[in-house]
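Please open the model in your viewer and keep the selection panel at hand, since each stop on this tour begins with something to select.

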Amino acid sequence: MAATIVLANRKGGSGKTTTTINLADGLARQGKRVLVVDADSQAQSTISCGIMPYQLAVSIYELLHIRMADPEADSEIATTIIRGKQRFDLIPSKPDLSALEIELADISNCQSLLRDLLLEVENIYDYILIDLPPSLGLITVNGLVAANWLLIPIEPTFLSMDGLAQMTNILYKVNAELNPELRLMGIVPIKCDMRTNLARNVVEEIRQNFGDDRLLPAVRNDIKIAEAPSFGKTIFEYAANCRGASDYMQLAQSIIARSGD
Ligand SMILES: Nc1ncnc2c1ncn2[C@@H]1O[C@H](COP(=O)(O)OP(=O)(O)OP(=O)(O)O)[C@@H](O)[C@H]1O
Ligand SMILES: [Mg+2]
């Protein structure tokens with residue numbers, strides 16, 4: 001059964017999408033079968049894989065929409081998954097997904113649509129990574145209910161600590177009310193420049209608050225990481241020898257060790 005990891009942080013631009021795509025490729029290069037679920041209407045994981053959302057006939061939106069209308073209906077998940085574009089598979093997103101927030105608001109028990117959908121494929125993959133939007137809407141709730149691990153990427157700045165505290169509260173609430181299985185995999189400092197006092201202090205604060213074992217290997221600031229999506233490539237495809245690639249490979253190895261695989 002797959003380890004399902006949701007990447008979440010209420011703070012925008014904290015590295016959720018970048019980490020989803022590069023971690024997915026890192027895990028795949030370690031021989032793991034990986035599915036990425038783009039659950040953000042910005043569709044940036046999809047675009048980062050070189051896929052243009054407006055060209056898609058089906059996406060996560062249609063899958064959730066069908067399931068919402070009729071839980072017994074045949075899901076089109078097998079035909080929606082994009083295979084062979086990367087070393088990992090992808091359920092893509094498109095901007096229509098933003099409409100689902102409004103549609104979901106009208107129905108009860110809509111928090112587990114994504115979990116039910118992923119049940120169909122959890123035996124095919126070792127890891128399912130879910131990329132979430134920064135907002136705390138019903139799509140995000142679906143992502144938190146569908147996962148058994150929470151991974152929080154964070155840019156080590158003063159204001160990020162507030163976002164981290166909010167995420168911890170959200171985890172407690174989800175554990176208590178919706179998904180007792182969800183556990184904190186760890187916190188990944190992203191865009192990290194350990195030469196600055198700020199980054200060192202914030203990383204130290206994370207270590208003190210969460211413990212050594214929840215502080216995951218940091219990903220250093222590397223312009224190659226920011227460039228890679230414009231070529232539809234992961235960091236391993238774009239610049240295999242750069243420090244960003246080596247940081248993401250170390251992160252992938254650490255995730256494999258932690259998820260008990
Ligand atoms: N290690 C890094 N070095 C340099 N730039 C990075 C690094 N990691 C991420 N970035 C850049 O930081 C920006 C924000 O990253 P990303 O889009 O992954 O954040 P996000 O949390 O998914 O944002 P959103 O909340 O909007 O979904 C992007 O331009 C990305 O290329
Ligand atoms: Mg994103």
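Begin with helix α3 and its surroundings in this predicted model: the buried residues of α3 pack against β2 (34-38), α4 (77-80), β3 (89-91), α5 (97-105) and α6 (113-119). To see which residues these are, select Ile60, Tyr61, Leu63, Leu64 and Arg67, the buried residues of the helix, which itself runs over residues 60-69. Now look down the axis of α3: its buried residues fall within an arc of 165 degrees, so they line one face of the helix.

Next, turn to the largest nonpolar core, which has 74 residues, and select Ile5, Val34, Leu129 and Ile130, the members that touch the most other members. Then add helix α12 (residues 243-258), which gives the most to this core, with six residues.

Stay with Ile130 for a moment and display its contacts: leaving aside residues up to four places away in sequence, Ile130 touches Thr4, Val6, Leu7, Val37, Ala39, Gly143, Ala146 and Ala147.

The last stop is ligand 1, where a selection of the surrounding shell should bring up 20 residues, the closest being Gly12, Lys16, Thr17, Thr18 and Ala226. Two elements, α1 (16-29) and α10 (223-227), give two or more residues to this shell, and the largest share, three residues, comes from α1. What is the division of the shell residues into nonpolar, polar and charged? Colouring the shell around ligand 1 by residue class should show six nonpolar, ten polar and four charged residues.

Notes:
Residues are numbered from 1 along each chain as its sequence is written. Chains are lettered from A and ligands numbered from 1 in the order in which they are written. This is a predicted model: local features need pLDDT of at least 70, side-chain atom pairs count only at pLDDT 80 or more; totals for chains, interfaces and linings use all residues. A residue is near a molecule or strand if its C-beta atom, placed from the backbone, lies within 6 Å of it. Helices (H or I, at least four residues) and strands (E, at least two) are DSSP runs, numbered from the N terminus. Ala, Val, Leu, Ile, Met, Phe, Trp, Tyr, Cys and Pro count as nonpolar, Asp, Glu, Lys and Arg as charged, and the others, Gly among them, as polar. A nonpolar core is a set of buried Ala, Val, Leu, Ile, Met, Phe, Trp, Tyr and Cys residues joined through C-beta atoms within 7 Å. A residue is buried if 20 or more other C-beta atoms lie within 10 Å of its own, exposed if 12 or fewer, and partly exposed in between; C-beta atoms are placed from the backbone. Two residues are in contact if their C-beta atoms, placed from the backbone, lie within 7 Å. The arc is that of the directions from the helix axis to the C-beta atoms.
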